[in-house]
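Reader: Hi! I'm new to reading protein models, and I'd love a close look at one small part of this one. Could you walk me through a single residue and its surroundings?

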Amino acid sequence: MLKRLFDIFVALTLLILLLPVLLVVALLIRINLGGPILFSQDRPGLNGKIFKMYKFRSMSNERDQHGNLLPDEVRLTKFGKALRASSLDELPELVNILKGDMSLVGPRPLLVEYLPLYNQQQARRHEVRPGITGWAQVNGRNSVSWEQKFDLDVWYVENQSILLDIKILFMTFFKVIKKDGISQAQHVTAEKFKGTK
């Protein structure tokens with residue numbers, strides 16, 4: 001309950017304080033990428049329950065002659081890369097926090113298609129609400145392996161506390177400033193998880 005109250009207070013405060021930033025980012029997306037401004041995608045949350053996660057759109061809608069979206073590395077423009085590097089694309093997730101879908105701190109909500117690929121230990125990451133940031137994000141983000149990331153997520157589940165959340169939030173701030181671990185080598189974000197052998 002204390003964690004939930006903390007989440008609501010911080011998310012609401014940030015939305016109010018960052019309203020001018022949100023409006024400027026929305027305008028820049030409209031100018032550089034067109035509409036829509038927001039990107040939403042189904043993600044698994046607490047206990048694997050599916051919810052719609054909101055982000056600022058960072059990719060173009062370019063398609064091939066058959067109407068299929070072009071690969072991520074083609075659609076991710078310089079503007080989109082800058083948006084991701086600054087983590088400003090994550091700000092709409094504050095709305096997910098107010099709705100109760102997410103928390104400020106917790107394992108990142110990943111793709112629904114990964115759900116059947118987790119082993120029993122890795123699936124424990126869904127015992128808490130997913131977060132905008134998490135223990136894995138401040139300990140490598142996309143530069144560590146999936147297995148390392150899931151180990152860090154489960155460690156958080158077993159050791160979560162308000163003090164740990166505050167520590168992670170401060171660490172996140174400095175990680176964002178340094179633009180640390182945003183992508184894997186040869187990938188614009190992170191290589192897809194294919195299961196642990």
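Author: Let's begin with Ser 103, which sits in strand β3. Keep in mind that this is a predicted model.

Is Ser 103 buried or exposed? Its relative accessibility is 1%, and because buried means under 20%, Ser 103 counts as buried. Which residues does Ser 103 touch, once those up to four places away in sequence are set aside? They are Lys 3, Asp 7, Ile 97, Arg 129, Pro 130, Gly 131 and Ile 132. One of these, Asp 7, deserves a second look: its side chain and the side chain of Ser 103 make a polar contact at 2.6 Å.

Now step back a little along the sequence to Asp 101. This residue belongs to the loop between α5 (93-99) and β3 (103-105). Asp 101 has 17% relative accessibility, so it counts as buried too. Leaving out neighbours within four places in sequence, Asp 101 is in contact with Phe 51, Lys 52, Asn 96, Arg 129 and Pro 130. You may recognise Arg 129 and Pro 130, as both also appear among the residues that Ser 103 touches.

For a contrast, try finding Leu 69 in the viewer. You will meet it in the loop between β2 (50-56) and α3 (72-75). With a relative accessibility of 40%, Leu 69 counts as partly exposed, because that label covers values between the 20% and 50% cut-offs. Beyond residues up to four places away in sequence, Leu 69 touches Asn 61, Glu 62, Arg 63 and Arg 75. If you would like a distance to check, Leu 69 and Glu 147 lie 29 Å apart from C-alpha to C-alpha, with a separation of 78 residues in sequence.

Finally, let's put these residues back into the whole chain. The chain has 7 helices and 4 strands, and they follow one another as α-α-β-β-α-α-α-β-β-α-α. Of its 197 residues, 43% are buried; Ser 103 and Asp 101 are among them. Contacts across the sequence are a feature of the chain as well: among those between residues at least 6 apart, 70% join residues at least 24 apart. What about the overall size? The C-alpha trace spans about 45 × 45 × 30 Å along its principal axes. The radius of gyration is 17 Å, which agrees with the value near 16 Å for a compact globule of 197 residues.

Conventions. Residues are numbered from 1 along each chain as its sequence is written. This is a predicted model: local features need pLDDT of at least 70, side-chain atom pairs count only at pLDDT 80 or more; totals for chains, interfaces and linings use all residues. Side-chain values use heavy atoms; hydrogens and water are left out. Helices (H or I, at least four residues) and strands (E, at least two) are DSSP runs, numbered from the N terminus. The radius of gyration is taken over C-alpha atoms; the globule rule is 2.2 Å times the number of residues to the power 0.38. Buried means under 20% relative accessible area, exposed over 50%, partly exposed in between (1.4 Å probe, protein chains only). Contact means heavy atoms within 4.5 Å. A polar contact is a pair of N or O atoms within 3.5 Å; within protein, one must be able to donate a hydrogen and the other to accept it, and residues adjacent in sequence count only if both atoms are side-chain atoms.
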